[in-house]
Amino acid sequence: MVEGRLKIVVFGSFNAGKSSLIQALDPRSRHIEATSNEGATTVAFDFGRLQVRDQAVYLFGTPGQERFEFVRQILSRGMDGAIIVVDATTGVDAMTRHLYGQLKALGVPLAFMANKCDCPGAAPEAIHRDLPGETVHPISARNGENVHAALDAFVATLAAR
Ligand SMILES: Nc1nc2c(ncn2[C@@H]2O[C@H](COP(=O)(O)OP(=O)(O)OP(=O)(O)O)[C@@H](O)[C@H]2O)c(=O)[nH]1
Ligand SMILES: [Mg+2]
């Protein structure tokens with residue numbers, strides 16, 4: 001970790017709300033399209049920056065589609081913490097479990113965000129039940145509810161390490 005700076009990488013299944021979360025945390029964030037050197041595949045990631053307590057937090061949003069494993073690997077380098085966004089209307093799926101397993105194996109500090117809690121069918125408590133021992137913050141990236149408080153709580157755990 002560089003003093004005063006944190007790199008946090010946002011993971012999650014396709015459509016979970018990773019880009020929306022970064023947008024909610026940093027309205028000036030960018031969705032970046034990058035073309036691979038083969039010229040064929042266009043891959044995208046999100047970049048946001050904000051101040052949390054006395055830390056400059058750099059947020060990198062990864063693509064959710066399985067085939068972009070290589071992008072996730074590149075964006076993961078040197079991360080201080082990872083957020084896994086889960087769609088609370090659909091719950092913990094195979095991709096979420098795959099990402100969770102990988103990040104656990106790396107030993108990186110980790111928090112879950114149960115997103116889309118503004119939706120009537122959202123069940124953040126089911127996500128919590130499926131992930132024993134893990135921190136799950138209920139949020140809505142759409143209306144911004146709890147997004148800053150959740151990030152703040154996560155950053156506090158990183159700073160305390
Ligand atoms: N109701 C509701 N919809 C949301 C919320 N967050 C995201 N969405 C919607 O869910 C869809 C996917 O959101 P994105 O932020 O693009 O999801 P993503 O995880 O970045 O998707 P990929 O990058 O394609 O994997 C969009 O239609 C969003 O408008 C939320 O908190 N509530
Ligand atoms: Mg996205």
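Tutor: Before we start, a residue is near a molecule if one of its heavy atoms lies within 4 Å of it. For classes, Ala, Val, Leu, Ile, Met, Phe, Trp, Tyr, Cys and Pro count as nonpolar, Asp, Glu, Lys and Arg as charged, and the others, Gly among them, as polar. This is a predicted model, where local features need pLDDT of at least 70 and side-chain atom pairs count only at pLDDT 80 or more, while totals for chains, interfaces and linings use all residues. Residues are numbered from 1 along each chain as its sequence is written, and side-chain values use heavy atoms, with hydrogens and water left out.

Student: By class, how many nonpolar, polar and charged residues does the shell around ligand 1 have?

Tutor: There are 16 residues around ligand 1, with Gly-17, Lys-18, Ser-19, Ser-20 and Asp-118 coming nearest. Sorted by class, the shell holds four nonpolar, eight polar and four charged residues.

Student: Which residue has a polar side-chain atom 2.7 Å from a nitrogen atom of ligand 1?

Tutor: Look for a polar contact, a pair of N or O atoms within 3.5 Å. A polar side-chain atom of Arg-142 is 2.9 Å from an oxygen atom of the ligand, so the nitrogen partner must be sought elsewhere. At 2.7 Å from that nitrogen lies a polar side-chain atom of Asp-118.Student: Which helix gives the most to the shell around ligand 1?

Tutor: Helices are DSSP runs (H or I, at least four residues), numbered from the N terminus. With three residues in the shell, the top contributor is the helix spanning residues 18–25, α1.

Technical notes: Chains lettered and ligands numbered in written order. Polar contact = N/O pair within 3.5 Å; in protein donor to acceptor, adjacent residues only side chain to side chain. Helix = DSSP H or I, 4+ residues; strand = E, 2+ residues; numbered from the N terminus.
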